[in-house]
Amino acid sequence: LHYIMQVDGDLSKIDNPDQRIQEDLDKYVSLTISLSYNFAWNIGTLCVFLPLLWILSPKKAFGMFYLPGWLVYVALAFSIVGTLVTHLVGSQLMRINFARQRMEADFRFQLVRVRDNSESVAVYNSEETERHRFDGQFERIRRVWWEYMTYNKRLQYWISAYGLVSFLYPFMILAPNYFNGDITLGDLFQIYSALNYVGNAFDWIINVYQPLTDWRATCDRLLAFDEASVAAEKATEENELIIISPAEGYVGADFWAQKLTIALPGGKQLWENAELRVAPADRVLISGPAGRGKSTLFRALAGVWPYSKGEVRTPSRSPTDVLCLPQKPYIPSHVTLRTAVCYPQDPNAYTDEAIGQALIVVKLTDLLERKNEKSSADSGGGAGLDRIAQWDHELSPGEQQRLRVAHVLLQRPRFLFLDEATASIDEDTTIMVYQTLVRELPEMAIISISHDVKTLKRFHRKHFVPAEKENVLRRA
């Protein structure tokens, strides 16, 4: 779903889903509990003191005309006016809180991104550029905080003034009744106490307006994220790409994609009625100029591209039988080498000997010999397969791609899709990788998408390229 939210033009506007899941959910829960408790307390206060105020109210309103329980109406009217003015003064805080949360999350995300790409920033000698960029982002945060403090200051001024008036007005409205002899001094203070409790309960929105605006902004962000998640899930369900496996009645052994029509999010069509049929142990190379949609075809064949339709007939839908390797591999950080090699499968599914042999075959034996200098929260002090490291930083792009090839040797899928999966590896190592795959897994079908036709053509029996005037595949 996260991937669909990224590629969809409308859903990609949902910023920082990680922040919405972690921080906004925490804030939503804590604010909801606090506000609910406060609301329940005020309801209980009304249940106790509202009847008492009705009973204690003098018979004559303002000492002039008969109106039972008139202080209840006065307290309610006074609170309604105060609430309306409070909303008028502080309504912009909802918008400002939403913007503040978004800008702070964007700033944190950019800091993490620069940290993860610190080597590239240093090589580009772009520290000063990044500093100016962060200065600009921080200036926007400073401005929104200044605006937040300005409106919050106005709100607090009004709430303080309202509180002062709330303290004085009961004496003013009860003075005629006191001087007329309708109530005694003791009655006056008894009524004042009941009126104060009822008024505070009616003023619940005024008293919690600032956290209420924060809660509303948090709810808006979470609701937008939930709606985007539902829309992404709906887009997945409405995907017109039909995958037919043995469970749906397919009895063949070939991987067969028929009438594939693939488009970009903006509507531009990349492929129309394209067809690809791969038999077991077959090896197919797909090449072509950049921008023709080869990687998008890879995503559609993997079943993750939402803007595709057609039929994909596969002899198995098991992730252990059909494996797709993208150009940029994903390797989890702060895990053992054993887990990194086996990901996404359970590392206990393979023996240490099998994992070590796979690393030897792809010439990554040095990973077994490395040791961490010291233990820390981010790295383990072990060695070999038990060593914990931030693998996406420690390994070069070529080593990461070879690590995924080691996983292929362990998993032994029936169909292997490679999208520029050796693009970061030199020619000799690429030849070694393909020789290893062909030698170790002779029954596995390989579908390679690559620009390196010269190196890879020898390892494939079929070669397809995009047709010049049609959005289909043709034999080269």
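**Strand S11 and the core around it**

Both faces of strand S11 are covered. Phe 415, Phe 417 and Asp 419 are buried on one side, and Leu 416 and Leu 418 are buried on the other. In a regular strand, side chains alternate between the two faces of the sheet. This is a predicted model. S11 spans residues 415–419, and 5 of its 5 residues are buried, so the strand is largely enclosed by the rest of the structure. Buried here means under 20% relative accessible area.

Now look at the strands that pair with S11. Strand S8 (residues 322–325) pairs with S11 in the parallel sense, over 4 bridges. Here Leu 323 stands opposite Leu 416. Strand S12 (residues 445–449) also pairs with S11 in the parallel sense, over 5 bridges. In that pairing, Leu 418 faces Ser 448 of S12. Helix H16 (residues 427–440) joins S11 and S12 in a right-handed β-α-β unit.

Next comes the nonpolar core. Nonpolar side chains tend to be buried together in soluble globular proteins. The largest nonpolar core in this model has 41 residues. Trp 391, Leu 403 and Leu 437 have the most contacts inside it. S8, S11 and H16 each supply at least two residues of this core, as do helices H11 (337–342), H12 (352–361) and H15 (397–411). H15 gives the most, with 6 residues.

Take Leu 437 as a way in. Setting aside residues up to four places away in sequence, Leu 437 touches Val 405, Val 408, Leu 409, Leu 416, Pro 442, Met 444 and Ile 446. A second, separate core has 26 residues, including Leu 270, Leu 276, Trp 305 and Phe 464.

Terms used. Residues are numbered from 1 along each chain as its sequence is written. This is a predicted model: local features need pLDDT of at least 70, side-chain atom pairs count only at pLDDT 80 or more; totals for chains, interfaces and linings use all residues. Side-chain values use heavy atoms; hydrogens and water are left out. Buried means under 20% relative accessible area, exposed over 50%, partly exposed in between (1.4 Å probe, protein chains only). Two strands pair if DSSP finds at least two bridges between them. A crossover is right-handed if, with the strands pointing away from the viewer, the path from the first strand over the helix to the second runs clockwise. A nonpolar core is a set of buried Ala, Val, Leu, Ile, Met, Phe, Trp, Tyr and Cys residues joined through side-chain atoms within 4.5 Å. Contact means heavy atoms within 4.5 Å.
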